[in-house]
Amino acid sequence: MSETRTSTGQAFRATLKRDLLIAYKRKNDVVNPFMFFLIVATLFPIGITPEPERLGEIAAGVLWIAALLASLLAMDSLYRADYEDGSLEQLLLSSHPLYFMVLAKNIAHWLVSGLPVVLVSPLIAYMLNLPPESYLILFVTLLLGTPILSLLGSIGVALTVGLGSRGLILAVITLPMSVPILIAGTLTVQQTLNGASLLGYLAIMGAMLLAAISLAPLASAAALRISVN
Amino acid sequence: MFDSIQFSSIGEFFSMGGYAFNVWTVYTLFVLFFAINLYFPLIRKKQILSEQKRRLIVNREMQTLKNDDGENS
Amino acid sequence: MVRPGEHDILLTSMHNLNSRQESAVQRANYMWMWFSKLGSPKWFYELSGKWLPWLVVAMSLLLVVGITWALLFVPPDYQQGNTIRIMYIHVPFASISLAFFPLMAVAGTITLVWRMKLADMVAKTAAPLGAWFTALALASGSIWGSDIWGTWWIWDGRLTSMLLQFFLLVGVISLRSALEDAEAAAKACAVLSIVGCINVFVIKYSVDWWNTLHQPSSGFSLSDQAPNPPEVWIPLVIMIFAIYLFFAVSLILSIRNEILVRERRSQWVEELVQGT
């Protein structure tokens, strides 16, 4: 094997590209979280009420919880295949800072599983009779919030990657951690109905996203080193 | 000192001014929790010690058996 | 601080140093020795064995005084009547429950950085204990509140964040039991505890933000104690100390068991076992 020095930036782009390519080849990983989101959102009107007014009140919460569960479901595929075929070990052995490699994998994963959910959310919002003035803000909060869910979920997956059956333990670890994002997201959407200024709320979500981007991959990297050894 | 006791009779003390259920449930929970939390570690310690003692005895017997084997052959 | 790897190099190069540097190196060595001694399970087992009776005596005294005072001598609250007596159980448990994640995060950091055995034993035994303390704080709070609020459960800020902390603790416990390799489990739980500790604070603030309907703090804080007469808050302070001691005693008892299990093949434990 020829030894060519690659910069961290190149390695970052290569990891991102590789993960996106794999996702493109394995379309199930892309379609399933998306379908799951649609189905969960459909269950709420059936389970609670088809009445437009009452649906409109809970629509923001329903969309956020459905996005949260879809993100959790998608998480399982984040490191598993790489762990099983040994490429995760290669990643840990590489000379590049693991922080950037983990970040690249998280971004790829969010583009594949989180972004489609965000993109389809206005349609579901319409079907759930969310007041029209909230569409944009719901879209923006999901755009800011779902990457945080992916970054936090990544820590849980990294901790449990070596386990045979981990579906439930992953949920027990990551769901309580997602509560602040759920609160920030739904409160921001509710504020549009009260007519209050949204700048502060969005700033809080932006700050959460920045904190998650800078800290969560560090924890994920540490967790991966522990789990893979 | 006893003048400042807030209850004039035992019955009044147990009825807690109508809040007997709330007050006594919490105190009962506390006493149970307290007892269990001190009792179980002590039981567990006895268990560990007896387990280890058995392991040591078994080990020693294995050792003597092995030594006997060595002498016989 | 001198790391174990550097230890030998330091010792061999010691005679080359002048006396001032030498004493500094020695000091560093002593500090390291003290630190590793602190982490030695045998040392902890012996020391805690000496302290335990005194802790139990202090705890029992404080508990007897505190509970008698709380049940018999505290005047009924003008609003809450005799349910005020629940405060003397609920507030100490609630306040100590908040200490578990910071404790586990500190222990986890020590486990990850210095690989001290004892720190992981503290983290391992603290998690289930924390879940129990949190559960009791929730239960007593709910029983206390059932009268004030007219319902057993309301989704207010403090109850909700306490419930979420309980879930996070359960997560740490289940991660520990799911991972078979003890060392990997120790490190994984250390990472999760540190993340969880940060998260507990974020959850606390976000939940307060979400719902600020709760009654003003009934807990012990110097600022809002001023209107409360001493006969109300002195027994509370006694109970807080008593229950902190109870926490210390039950944590030490569990750690001692953990030491006996993990060090079962060491000579001192075998001698101890034979002595029984």
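The largest nonpolar core, a set of buried Ala, Val, Leu, Ile, Met, Phe, Trp, Tyr and Cys residues joined through C-beta atoms within 7 Å, has 145 residues in this predicted model. A residue is buried if 20 or more other C-beta atoms, placed from the backbone, lie within 10 Å of its own. The residues with the most contacts inside the core are A:L63, A:A223 and C:V191. Helix 9 of chain C gives the most to this core, with 15 residues; helices are DSSP runs (H or I) of at least four residues, numbered from the N terminus. Leaving aside residues up to four places away in sequence, A:A223 touches A:I155, A:A158, A:L159, C:A188 and C:V191, where contact requires C-beta atoms within 7 Å.

Within chain A, the axes (lines fitted to C-alpha atoms over the stretch in contact) of helix 7 (residues 135-160) and helix 10 (residues 199-228) come within 8 Å and cross at roughly 20 degrees. Helix 7 and helix 10 of chain A are therefore roughly parallel to each other, the term for angles under 35 degrees. The residues of this contact divide into 20 nonpolar, 6 polar and no charged; Asp, Glu, Lys and Arg count as charged, Ala, Val, Leu, Ile, Met, Phe, Trp, Tyr, Cys and Pro as nonpolar, and the others as polar.

Between chains, 30 residues of chain C are in contact with 26 residues of chain B. On the chain C side, helix 6 of chain C supplies the largest share, 8 residues. That side comprises 16 nonpolar, 10 polar and 4 charged residues.

Residues are numbered from 1 along each chain as its sequence is written, and chains are lettered from A in the order in which they are written. For this predicted model, local features need pLDDT of at least 70 and side-chain atom pairs count only at pLDDT 80 or more, while totals for chains, interfaces and linings use all residues.

Notes: Axes are lines fitted to C-alpha atoms, for helices over the stretch in contact, and angles run from 0 to 180 degrees between N-to-C directions. Helices (H or I, at least four residues) and strands (E, at least two) are DSSP runs, numbered from the N terminus. Angles under 35 degrees count as roughly parallel, over 145 as roughly antiparallel, 65 to 115 as roughly perpendicular and the rest as oblique. Two residues are in contact if their C-beta atoms, placed from the backbone, lie within 7 Å. A residue is buried if 20 or more other C-beta atoms lie within 10 Å of its own, exposed if 12 or fewer, and partly exposed in between; C-beta atoms are placed from the backbone.
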